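Please find below some notes on aromatic ring pairs and on one helix packing, set out as numbered points to be read alongside the coordinates.

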Amino acid sequence: MEECIINSPLGYTKIIGDANGISSVSILNSEEKITDVIPEILEDCVIQLNEYFDGTRKVFHLKLNPIGTDFQNKIWDIIKTIPYGKTISYLELAQQYGDIKAIRAVANANGKNPLWIVVPCHRVIGSDGSLMGYAGGIHRKQWLLELESPYKQQSLF
């Protein structure tokens, strides 16, 4: 497995992957040394993340290899279909899975997503519109949703 650490607008980001695909993209809560030379196998992921943060990328085209249970992978596959700039509730996610009684398990799988931003778990919100349950911190979830929002806050001055 190769890995690198890059700086993003939301903090230091660690990327792990190999020839089988990207297995992890995670936000770090501490300052880390930025990788001087990005491993070739991770270069495309770094480029696409930077394009996302620049606002020029709305869809990721990466070979992914997340480590999870069959159930988790099914939920992550559904999450990947949530369009840029849109949100769904945990209940809607459970409905798309096909079992609304599995809402807690669905929420748990969402929270264990190892591919921050690439599998856009930040687009899953509470049924009342609240920004709940985000491993990277609610402030980051809000920032990502604002980045993707078609309605940008305008300055009054």
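1. In this predicted model, Y52 and F60 are both buried, each falling under the 20% relative accessible area that marks the class. The ring centres of Y52 and F60 lie 5.7 Å apart and their planes meet at 35°, so the pair is classed as tilted.

2. Y52 and F60 also belong to a cluster held together by ring pairs, whose other members are F53, Y84, W116 and W143. The count of aromatic pairs comes to 6.

3. For F71 and Y97, the centres are 5.1 Å apart and the planes stand at 85°, so this pair is edge-to-face, the angle being over the 60 degrees required for that label. The pair joins distant parts of the chain, since F71 sits in helix α2 and Y97 in helix α3 (residues 90–97), with their positions 26 residues apart. F71 counts as partly exposed because its relative accessibility is 24%, and Y97, at 31%, likewise counts as partly exposed.

4. Helix α2 (residues 70–79) packs against helix α4 (residues 103–111) at an angle of about 80°, the two axes being 9 Å apart. The angle lies in the range 65 to 115, and α2 is therefore roughly perpendicular to α4. On the α2 side the contact is made by F71, Q72, I75, W76 and I79, while α4 contributes A105, V106, A109 and N110. Sorted by character, the residues of this contact comprise 7 nonpolar and 2 polar, with no charged residue.

5. F71 thus appears in two of the settings above, as a ring partner of Y97 and as a residue of α2 in the contact with α4.

Technical notes: Residues numbered from 1 in each chain as written. Predicted model: local features only at pLDDT ≥ 70, side-chain atom pairs only at ≥ 80, totals over all residues. Heavy atoms only, no water. Axes fitted to C-alpha atoms, helices over the stretch in contact; angles between N-to-C directions. Helix = DSSP H or I, 4+ residues; strand = E, 2+ residues; numbered from the N terminus. Parallel < 35°, antiparallel > 145°, perpendicular 65-115°, else oblique. Contact = heavy atoms within 4.5 Å. Nonpolar A, V, L, I, M, F, W, Y, C, P; charged D, E, K, R; others polar. Phe/Tyr/Trp six-rings, centres within 6.5 Å; stacked < 30°, edge-to-face > 60°. Buried < 20%, exposed > 50% of the residue type's maximum accessible area, 1.4 Å probe, protein only.
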